[in-house]
Amino acid sequence: MGSNFTILSCEGASSARVGLFAPEGSSWLRRVWVGLWMLAFAVNALFGDSAGAGAALSGVSSRAAALWSMHPVTAPPVPARSGSEHPIDRFIDASLASHRLHRAAEAERRTLIRRVAWDLTGLPPSVSDVTAYLADGSPEAFERMVDRYLVSPAYGERWGRWWLDLARYADTNGQDENKVMANAWRYRDWVIRSFNANQPYDQFVVDQLAGDLLDRKGVPESQVFERCMATGFLVLGPKMLAEQDKPKLVMDMVDEQIDVVSRAFLGLTMSCARCHDHKFDPISAQDYYAMAGIFRSTKTLENLAFVSKFNERRITSGQRMSAIEAHKSSMGRFQKEYDEAVRAADAELLREWQGMLARELPLWLDGSRSVATNSLEGRWKQWWQGQSPTPGVRRTLEELAKDAAARESWLAPLRAGSEFKAAGVQLASGRVGFGFQADGRNHINRPASPDLEPKQWSLQTWVYADEFGKEGDARRWLVSKNDNEWAEGHYALLLDGKHPMAYLNIGGGPERVVSLRATQAIQRREWHQVAATYDGKLFCLFVDGKPAGQVEVGKPRVPGSGRFSVGQRPDGYVHFKGRLDEVILSDEVWTADRVSEAYNSPERARDWPALLRLDFDQLTDSERREAEWAEARAAVFGADGVLAVPKDPKPFYPQAVRDSLSQKDQEREALKRQDPGAPEFALSVEDGTVANLPVHIRGSHLQLAAHPVPRGFPKAIRVRQAPVIPESQSGRLELARWLTQPDHPLTARVLVNRVWQAHFGNGLVRSSDNFGVRGDVPTHPELLDWLARGFVDSGWNIKQLHRQILTSATWRQAGRIQGDPKGIATDPENRWLWHYPRQRLEAEMIRDGVLAVSGRLDRSMGGSLVAWANDEYTPEDTVSETSRRRTLYLPVVRDRVYDLLTLFDFANPSVGVSRRTPTVVSHQALFWINSPWVKDQAGALASDVRSGEQRTVQQRVSLAYERVLGRLPTDAEQGRAVAFLSKPGTTATAPDSADRWLAWCQVLLASSEFQYRD
Amino acid sequence: MNPAMHSRMSRRQLLRRSALGFGNLALMGLMSPGLRAGGSEIQRNPLAARAPLFRSKAKRIIFLFMHGGPSHVDTFDWKPRLLKDSGKPLPFDKPRIQFAKTSNLRRSPWEFRPYGQSGAMISDLFPLVGARADDLCFIKSIHGTNEAHGGALLKLNTGSDTVVRPSMGSWITYGLGSENRNLPGFITINPTLGHGGVGNWSSAFLPAVHQGTPIGGGVPVDRATIHYLHDPNGDAKTQRAQLDLLGEMNRDHLASVGTDAVLEAQIEAFELAFRMQSEAPEAMDIDRETPATRKLYGLDDPKTSSFARQCLLARRFSERGVRFVQASHGYWDQHSDLTRDHGRLASEVDRPIAALLQDLKARGLWDETLVMWGGEFGRTPTLQGDDGRDHHPHAFTMWLAGGAVKPGFSYGVTDDYGFYCVDQKVHVHDLHATLLALLGMDHEALTYRHAGRDFRLTDVHGRVVQEIFA
């Protein structure tokens, strides 16, 4: 401590001792002391850093010497009594006196309790709180009232939210990929608990930066998890998850972490030093990369996928985890047994039906029998008499009906447990005889051969489509040669949705594709002929024997060298589903008549010359029989077959099986009710690959300096005992310990200044997130240091700090500006605090306050209102508008913050915000007069004050005033209200009606008196 | 001008003046300690119109934003070599970072033809805009830094794809105020909700009054309006009585606390809101347009009606002095089916855009209005899939129109395939600097003090492209 003061006070003397020499109460001496304090900066600015181990005077270190906030916190004397014993008042009064100003008188008690309640809980005082406080005449009444609010759970909600501004808390990522962080709320709730428990601020800092690295020995598991949740602080930032330059993504994220950490704890913006030494503040690029190394060695992202994912850790206890695992495995076991039982029942059912068919097929084909439609035979009959069975299937079944032994052989493969198809190529009834059954995966290839590359040609296929590609789907290739349509010499017949097409590529490349597309569509599950001809010049398409388009091709086709495929594109993609038959490639150019003839008499075309012919009928007898049988088996017992196991087979099971299954269903439901749920996760960091980083020249990860900078802390900020970062760890724990050293010049000053700011609207340092050169100097430097030192000495006790500030006469003074007529002229900004600074309610206070006074606020605490799946894209927020929970529990959706909050200057959740900037814009007025939400709450308030025991209009008006404004109306106000409420014709609504009351309550809520802390 | 120069003194003056009863404050970010703009009128009303530093023709901007990234080589950047070498590999290296893989060069499916005196080569996607080629000033060498939509949108709209910054509309109203005190200064019609969302029209650390006011977004354009603009009960008489009572209560409150400029502002804000309720719907009432105008914009053709409405709204707001109007259209992101979907998208905007240009001229708004067209990036001259192009921030085209820029002019050159810029390169920062200059502002002087630093739209970059100034 105090090396910068050696010049003033001889070897070893500390600034504290300089302070001690200043006698208490002597104002001129005190002024001398302050003068010396200022002089110390000036001297250091001139002569630089005396502790710099003889180093040359660098820009950074000389700037540090000149910057007040880099100096150790002093222990200034408390000025003389000033009509108040309170130390804060004595500091404030001393500076007021030197500006010839006076503190205003104490505010009214009704005003005070309102201020305290808003400040400490973010809610207005209840009517009964006000009554109780006014009734308490003891001298300690005020302190007692403050203490009551300090222990209220609402305190943690109000001050937790205050911290969340700095932590840029949100439930979604924002930026390019606005993904849901469904576990962010655990960090939020941790912050609330931490404030309510009055966790010492130094521990609060350590937990957030390095809770995961704290010693776990002897620590209960639940506390280990709490500390993991705390580190969510580092994960919450907005990230460019889809940035494809992944090293850049990581360094941008590190930068965001440095930004939030340096702003929140140091009150400095270090980010400038990413590209160069800070222009004004004593932060060098070396300092930046020393810190960046710490965060680069930390794992904040779970992966670096195309859209990367933030890091999470499981926080489920071992015991619970085993319960979850046990439940999962018994569910799995149970399900397996269950599935097994169903499978067995289905198999039994099929066996039974197969047996029945084997026995009764001859009867079932007898159309004259009358059968019940809901019986199995009825089902069969309906099928048999319909359009579904192909002629081939009919023929096969009719033959089988005549031969019981054949039926047994036909069913044998099924009884053996499989196989609807014949070996080799899958066949089914074709246009003539058999055709090729393409199932979307299979195909037939013929190797490349010069024979299949005629100069001119005709190409035909018959097609029976089981399904068509939807709009936007890829086209389906039927028969084609040579790779794909961009390939030299590609030719093809294909389907674009329902429309036949032909391709021809001459010259290679996408722009050399010649295509023909038929305007007419073909029908599903009907045979159609598709053909194309090419004579070296003219390229023609035919569908069902008729021309469907033609184009003249400039150049002759150059032969390709790829294979010939049926049912797919030759490069192996875009398979077709359906049947193909009568594929013919010929080197004769078919005329239109010829194509038409092939359409009308496909059998005849079999005799025409061809280079390649696939009619799928060149089979041996046994092959043919097996193909026929396979098709019939598929038609009867296949997935869509008439005797397939139905979707809901239960009604067909025997009673015993049904009973056993419903018993099992009940058991399963019971088991489900014991589901312990999924394991819990929290946003959390952990140490990653530990490494030092070199300076990135101009901030670019592509231009690195030669040597890595050892991980560490900004050199200009000095503590006596800086922790040493071990080689094997990131250094986050040491960073946190460094920040919370009792003699750290910034951490305590920054914190007490922010708390002061929250109570007074402005900090003692007005630029509360910039204690650097371009920031403001403190208006009351001694008071700042006195508070900071006291704060550290109190064990970093934040509640104690509130108590200290709120009990001061300075804070309790009236807000009325006429308090001191000189003030308006000499200090219009109220820097010297000659009156209480009026403050607009913050967004949460407005919403919570309106809900509270209209009797609708749901005070339940904690938990998540984010019902969206983790890591999914953020859906629309439908929760906020209807929820009655306190505002801090509403989902914070980055880039789509609930508009009520945005309207009243909610902190931008993408950056750490140290101070919200209240604005007055006409859009807020539009909200008050037109928003359905306001009208709803006004309606609730109106119905509350009108309900219950018989009251006069005047009594109701008074009740509303007490609830909304915490006071009774004056006579004039009472008169105006009654006039508004009961005069006919004042508004379009009836006097004293619910609507009239709603309109009046709305005015009360919109009034500036409600929206300001006076 | 440098609003940052007048820091605390003027605020003090303001409070003194207010204390003396000069209040009557309008729309404001008055409490903002960061509000450092100079001049007492601005202190009373941060949206008060003010003269820029330089004389400038342009007073307002209409930005026709094509979300998704229209392909420059299929619209306005004609590349005969791309036609010739289509199907061949790119003869030089692709960028280090690519959003997705692309294959060989691919020609445009559309023909290009020369238009007007200037002979600008424009594809058949934009025949009607093409017919007005002599009014356009192309910049064919725009380049950005981010290859993903979110980053590129934020870069284009705010100058930063890494940290939260005010959008250009916010900077412009911050610098120039608005010419209509009953309407917002910055309006964005049918804005993009994803890809940075509000970040693209946010005022970030600038006073909230400079935030873009969204109209629509996520709803059909004909139902889009300003939030809370309408009384759901439509009961004007009750509302007037409420505002009278509220005014009395608020004046009582003001009297009881002495003087307070903010409370005065609060009173005025309610009166202003009441006026805005009548002025804004009138500004948005497209039904007042003549049948000829409706026809010109294609308002009654289902294909063009949506963007026609946006262009008409843009003209009506512009006419009334709104400083920055953005109209967004999408989604031009054709990784596949470029031929079909670029065709459809262009047919939705071609007529409305051409109509807007013609209409601005006819109404004498041409000189004062700067129209800008473009997307967050272009598309690769190389092929993705079988009919697509990937994101391409390395070179793309935007065009400006209006009296402030050279008509029938083209600036900037890309290589033979439109892949990289080769000459007269214009980075997004340069575009921002140029836009501010066209409005008479110096991008290095338009600063705002925040967190101890003076921020600029162009950060530490930006070159004004003087060559395109009329």
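Visitor: Which residues does Val371(B) touch, not counting those up to four places away in sequence?

Guide: This is a predicted model, in which local features need pLDDT of at least 70, side-chain atom pairs count only at pLDDT 80 or more, and totals for chains, interfaces and linings use all residues. Residues are numbered from 1 along each chain as its sequence is written, while chains are lettered from A and ligands numbered from 1 in the order in which they are written. Contact requires C-beta atoms, placed from the backbone, within 7 Å. With that exclusion, Val371(B) touches Ile62(B), Leu64(B), Leu356(B), Leu357(B), Leu400(B), Ala401(B) and Gly402(B).

Visitor: Which helix of chain B gives the most to the largest nonpolar core?

Guide: A nonpolar core joins buried Ala, Val, Leu, Ile, Met, Phe, Trp, Tyr and Cys residues through C-beta atoms within 7 Å; buried means 20 or more other C-beta atoms within 10 Å of a residue's own. The largest core has 315 residues, and Val371(B) and Val752(A) are among those with the most contacts inside it. With twelve residues, the most is given by helix 8 (residues 261-283).

Visitor: Which helix of chain A gives the largest share of the side that touches chain B?

Guide: In all, 65 residues of chain A are in contact with 72 residues of chain B. Helices are DSSP runs (H or I, at least four residues), numbered from the N terminus. Those giving two or more residues to this side include helix 35 (971-982) and helix 36 (994-1006) of chain A. The largest share, seven residues, comes from helix 32.

Definitions and conventions: Two residues are in contact if their C-beta atoms, placed from the backbone, lie within 7 Å. A residue is buried if 20 or more other C-beta atoms lie within 10 Å of its own, exposed if 12 or fewer, and partly exposed in between; C-beta atoms are placed from the backbone.
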